[in-house]
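Open the model in a viewer and keep the sequence panel beside it. The tour below goes stop by stop, with something to select at each one.

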Amino acid sequence: MSILDDAKQAVQGAVQGVMQKAIQLAPDSFMPGGRPDPLIRAQHGHIGKPISRLDGPVKVRGEATYAAEFPLDGMLYAALVFSTIAKGRIATLDTAAAEASPGVALVMTYRNAPRMAPMPLFMTSEKACGGNDLPIMQDDRVYWNGEPVALVLADTQEQADHAASLIRIAYDVDPSVTAMAAAKAKGTEPGTFMGQPLKFASGDAGKALAAAAHQVDRTYTTPRHSHNAIELHAVTVTWTGDTLRVHDASQMVAHMAWSLGHVFGIDEDKVHVTSPFVGGGFGGKGLWQHQVLAAAASKLAGRPVRLMLTREGVYRIVGGRTVTEQRVAIGAAADGRFEALIHTGTVAMSHHNVLPEPFILPTRSAYAAGTMALDVEVAYLDMVANTFMRAPGEAVGTFALESAIDELAVDMGIDPIELRLRNEPDKDPTTGAPFSSREVEKAYRDGAARFGWAARGAPGSRREGEWLIGTGVATATYPYYRMPGGAARITLARDDDSTIGATIDIAAHDMGMGTATAQTQVAADRLGLAMEQVTFRYGDSTLPGTVMAGGSQQTAAIGASVMAAYRALVTELLKLAGNDSPLAGLDADAVVGVDGGLARIDDPAARESYASILSRAQRDEVVVEATPPAPLETMHWSMHSHGAMFCEVRVNAVTGEVRVSRFLGSFDCGRILNPKTAASQFRGGIIMGLGLALMEETQFDERSGRIMNPSLAEYHVPVHMDVPDIEVMWTDIPDPHTPMGARGVGEIGITGVGAAVANAVFNATGKRIRDLPITLDKLLA
């Protein structure tokens, strides 16, 4: 990073700081969420009901069409060839045998690929979503071990795969940096996340640590993790003239359309991306090189193309979570109150992406401390670009932070829950902003009672035969986000018999978490209609909005967008109602949707049905589109979800095998819109957390920069026998400053799990594991 870059970042940080302080000082009423959403008060509608997913029957019948299942006439199938060096140039490239292979229509390499711009790097502009900003098959250079260097199109997948195996490539190897120690030796740079420095200091934390009555100072490490969604990354593309049609497995269709337009030098309205069904995303289903290569090959061949990555292909070109080395040091007074809290360390990333794993994020808001020092430094490797993975920062950051707090609790002889609650902040420790809602103590007290925490014994005190039994706890936390770019369209229509229906259009996504179901519930309650009268359309870049399914923010983004569109709809309906309506003279704030129409809030008897308003106005439909206000609420209040994670493990004293026998998550996530789908999200996150704790590790050969276990045979994830019955519960206390009173639930489930398991293992065995995953060799050492 240059001196100019440093200065620019400093200026941006200062401007942001001034802006944030001004927003914090503004009256609540000036902020989005300054007045609670009226739906928070609704107790007898669809919100809060455990309604089964609306897309369930379609999926069970096998009628859901995923990205690799769109049949197109004349379609060709693609196979990729990946580089086997970390850095260098292609010296020789022999494609003759592949080109002569049966069924082959095209072999594309840097020699014949069309001219393309690099992908716009994610977060460098509002709609950019590229995983890296490297040239894509534009020259003979190689930037990481696994980069695509050739693509084959054939009439069948088997023919394409066979032909790809016939391509012969030799390389001139350049010096590369593929070992963490070597990368750190070359120097580190300050990390930034979403344009902000990953650094904070208050007071002299080092001095306070040294003077503290009780201290813990430890290093914790976490390995690389790879994305393993059930649905492999896939895309089906075709060109009609200069218009590109893309069926993708995406969690950001509008971003995809804009970014692909940039790559191919066409307007975004010439790119139509749809993604109606996605078999898991978790941060990995963005724009990678396979979509660009498929579109380029389709353009060259003049035929539709389907490209589905193999499982190995996902590991080679789709980034995952990067390695972290974290120091956590806590100094506490005799009563357990933190006088110093230090969380610093180093992560690895490539030169061509923008996501250092921001592991300090949970520490910024979780606990009060007299002094604080937080810092993430970046070391650069020649490797596949890392990217977002479920709860980036929080998933691994809570492992280190919550393990250190457990170590301190043991050292001081204080119950780990009580130590945490003694350090509950009354305002945000780093910004000074008030919390929008914070029910951590209730989550802990209720969870402890149900889990039976009081029966916990001293480390190593419980045993059944060969099995040592222990319990552990950790705090889960994840911020509330609402990103800019939301917009929604509502079409309210009547048919000939005056039956009313509403259609909600927004370029959002459902990756199996029940978004369409929960948002149909919300829209039905907001409009005062039955769920059967509401259609929620999503997963299409031609719909309004630039909404990403990430950061657990989609619920808020959709909710705020529909709120804005609903207000515009009511305003238009009141105009149409005219002076002859019981609603004459009222504005949008004075009425509410109920029983198929609008009614006065203070006099429900004064109402008129939608059908009546449209009929008298001689209209068959009303169409409105609106954009919500900027998400200033996230700077006015400190907005976070929390949880208390309780784990019981059994550790075999002979073999070191760890089995999780019980798990309970007690959550404070505001109002729960649909208990059935939310419980599934909580449990899914916890299961990913068990994988993080006990088995997941991308084995990276530091000699060559190659991922060595690119399959589910060698990269282990939890299976049914690894997962106990998981109990979840929640406070269901609405956040008064969020749409519907809800905060996202998609990512908090993974946070805190690694520490809860590690702390339970310590309670069972007396051995402290600070290096994930917790494998039996570490317990037998």
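Which residue just after α8 takes a positive phi? Select Gly302: its phi is about 70 degrees. As with every value on this tour, that angle is computed from a predicted model.

**The helix before it**

Now select residues 289–301, which form helix α8. The helix has 13 residues, and at 1.5 Å a residue they should span 18 Å; the end C-alpha atoms are 18 Å apart, so the two values agree. Colour the buried residues of α8, among them Gln289, His290, Val292, Leu293 and Ser298. Because 10 of the 13 residues are buried, α8 is largely enclosed by the rest of the structure.

**The whole chain**

Zoom out and show the protein chain as a cartoon. Its secondary structure comes to 20 helices and 32 strands. The radius of gyration is 27 Å, close to the 28 Å that the globule rule gives for 781 residues, so the chain is as compact as a globular protein of that length. Along the principal axes, the C-alpha trace spans about 80 × 75 × 60 Å. Of the 781 residues, 59% are buried. Switch on the surface: the accessible area is about 29,100 Å², and carbon and sulfur atoms account for 53% of it. Among contacts between residues at least 6 apart in sequence, 81% join residues at least 24 apart.

**The cores**

In soluble globular proteins, nonpolar side chains tend to be buried together. In this model, the largest nonpolar core has 141 residues. Select Phe264, Val649, Phe663 and Val757, the residues with the most contacts inside that core. Then add residues 394–412: this is helix α11, which gives the most to the core, with 10 residues. Apart from the largest core lies another, of 41 residues, including Leu492, Ala611, Val622 and Ala626.

**Val649 and Arg659**

Return to Val649 and show what lies around it. Beyond residues up to four places away in sequence, Val649 touches several others, including Leu468, Ile469, Val658, Arg659, Val757 and Ala764.

Move on to Arg659, which belongs to strand β29 (residues 658–668). Is Arg659 buried, partly exposed or exposed? Its relative accessible area is 44%, so Arg659 is partly exposed. Leaving aside neighbours within four places in sequence, the contacts of Arg659 are Trp467, Glu648, Val649 and Arg650. For a distance to draw, take the C-alpha atoms of Arg659 and Ile726: they are 13 Å apart, with the two positions 67 residues apart along the chain.

**A loop glycine**

Select Gly746 in the loop between β32 (726–730) and α19 (753–765). With a relative accessibility of 19%, Gly746 counts as buried, because the cut-off for buried is under 20%. Outside four places in sequence, Gly746 is in contact with Arg390, Ser552 and Gln681. The C-alpha atom of Gly746 is 9.8 Å from that of Thr555, although these residues are 191 apart along the chain.

**The cysteines**

How many disulfides does the structure hold? The count is 0. Select Cys647, which is in no disulfide; the nearest cysteine sulfur, that of Cys669, is 19 Å away. Cys647 has a relative accessible area of 0%, so this residue is buried. End at Cys129, which also counts as buried, at 4% relative accessibility.

Definitions and conventions: Residues are numbered from 1 along each chain as its sequence is written. Side-chain values use heavy atoms; hydrogens and water are left out. A disulfide is a pair of cysteine sulfur atoms within 2.5 Å. Buried means under 20% relative accessible area, exposed over 50%, partly exposed in between (1.4 Å probe, protein chains only). A nonpolar core is a set of buried Ala, Val, Leu, Ile, Met, Phe, Trp, Tyr and Cys residues joined through side-chain atoms within 4.5 Å. Helices (H or I, at least four residues) and strands (E, at least two) are DSSP runs, numbered from the N terminus. Contact means heavy atoms within 4.5 Å. The radius of gyration is taken over C-alpha atoms; the globule rule is 2.2 Å times the number of residues to the power 0.38. Accessible areas come from the Shrake-Rupley method with a 1.4 Å probe; for residues, only the protein chains shown count as cover. The expected span of a helix is 1.5 Å times one less than its number of residues.
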